[in-house]
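Student: I should like to work through the side-chain pairings and the packing of this chain. Please show the sequence and the structure before we begin.

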Amino acid sequence: MNDIVIACEHLCVAYQDKLALENITFNIHRGQFWGILGPNGSGKTTLLRTMLGLIEPLSGTVSLFGRAPRQLGALRDKIGYVPQYAQIDFNFPLRVREMVMLGRSRKIGMGKRAGADDWRAVDQALARVEMTDLADRQIGRLSGGQRQRALIARALALEPRVIIADDPVSALDVSIQAQILNLLAQLVRKMNLTL
């Protein structure tokens with residue numbers, strides 16, 4: 001049984017005309033909880049963006065579910081994404097439940113309205129991150145830890161098999177970082193996710 005979800009082989013990637021990643025090789029198996037550590041500018045985000053198909057490698061390969069990122073087709077709906085905290089404008093006038101629904105946009109389709117199954121998935125995602133009681137709060141009125149939980153719920157709303165999280169604990173206090181990492185580890189175990 002091949003349970004490799006993400007594979008990189010001899011991956012080399014340039015970013016802004018500089019070699020950012022060189023000869024990266026690893027396999028991530030279903031149900032594993034991985035982390036990429038390194039200082040700012042070391043290529044962590046570049047690696048994730050390459051895995052998502054946003055950056056083409058110079059050489060080597062990356063695959064998700066046995067396919068190159070640009071050939072995922074419907075399998076793309078099996079990948080949830082948690083962006084860096086700093087990439088979100090929390091002053092945008094959205095309520096938590098509406099922001100989490102944005103995670104379903106690929107599944108719903110352009111110009112279509114969310115149906116009962118979509119709202120059920122959103123409510124289930126909010127429950128999983130213990131944010132049900134804050135579903136109607138404007139996202140700008142959340143604490144840092146609550147905002148991160150909402151971003152995780154947004155990824156969960158897609159009902160993924162894999163979550164790719166870009167620095168999910170940056171800009172958070174150490175105690176909140178531990179809570180978020182524990183939450184992610186629980187989700188991996190309970191939902192049989194790969195993260």
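Student: Are Asp117 and Arg120 buried or exposed?

Tutor: The model is a predicted one, in which local features need pLDDT of at least 70 and side-chain atom pairs count only at pLDDT 80 or more, whereas totals for chains, interfaces and linings use all residues. Residues are numbered from 1 along each chain as its sequence is written, and side-chain values use heavy atoms, with hydrogens and water left out. By relative accessible area, buried means under 20%, exposed over 50% and partly exposed in between (1.4 Å probe, protein chains only). On that scale, both Asp117 and Arg120 are exposed.

Student: What N to O distance does the salt bridge of Asp117 and Arg120 have?

Tutor: A salt bridge here is a side-chain nitrogen of Lys or Arg within 4 Å of a carboxyl oxygen of Asp or Glu. Both residues lie in helix H4, three residues apart, about one turn of the helix; helices are DSSP runs of H or I with at least four residues, strands are E runs of at least two, and both are numbered from the N terminus. The side chains of Asp117 and Arg120 meet at 2.3 Å.

Student: Which residues are joined into one network by salt bridges that share partners?

Tutor: One bridge in the chain pairs Arg104 with Glu159 at 3.0 Å, N to O. This pair links distant parts of the chain, 55 residues apart, with Arg104 in the loop between H2 and H3 and Glu159 in the loop between H5 and S5. Arg104 is buried at 4% relative accessible area, while Glu159 is partly exposed at 39%. Through shared partners, the network joins Arg104, Lys107, Asp118 and Glu159.

Student: Which element gives the most to the largest nonpolar core?

Tutor: A nonpolar core is a set of buried Ala, Val, Leu, Ile, Met, Phe, Trp, Tyr and Cys residues joined through side-chain atoms within 4.5 Å. The largest has 35 residues, and Leu156 is among those that touch the most other members. Two or more residues come from each of H2, H4, H5, S5 and H6. With six residues, the element that gives the most is H5.

Student: Which element has the highest mean pLDDT?

Tutor: pLDDT is the predictor's confidence in each residue, from 0 to 100. The chain averages 91, and 98% of the residues score at least 70. Among the elements, helix H3 (residues 105–108) has the lowest mean, 88, and the highest, 97, belongs to strand S3 (residues 59–64).
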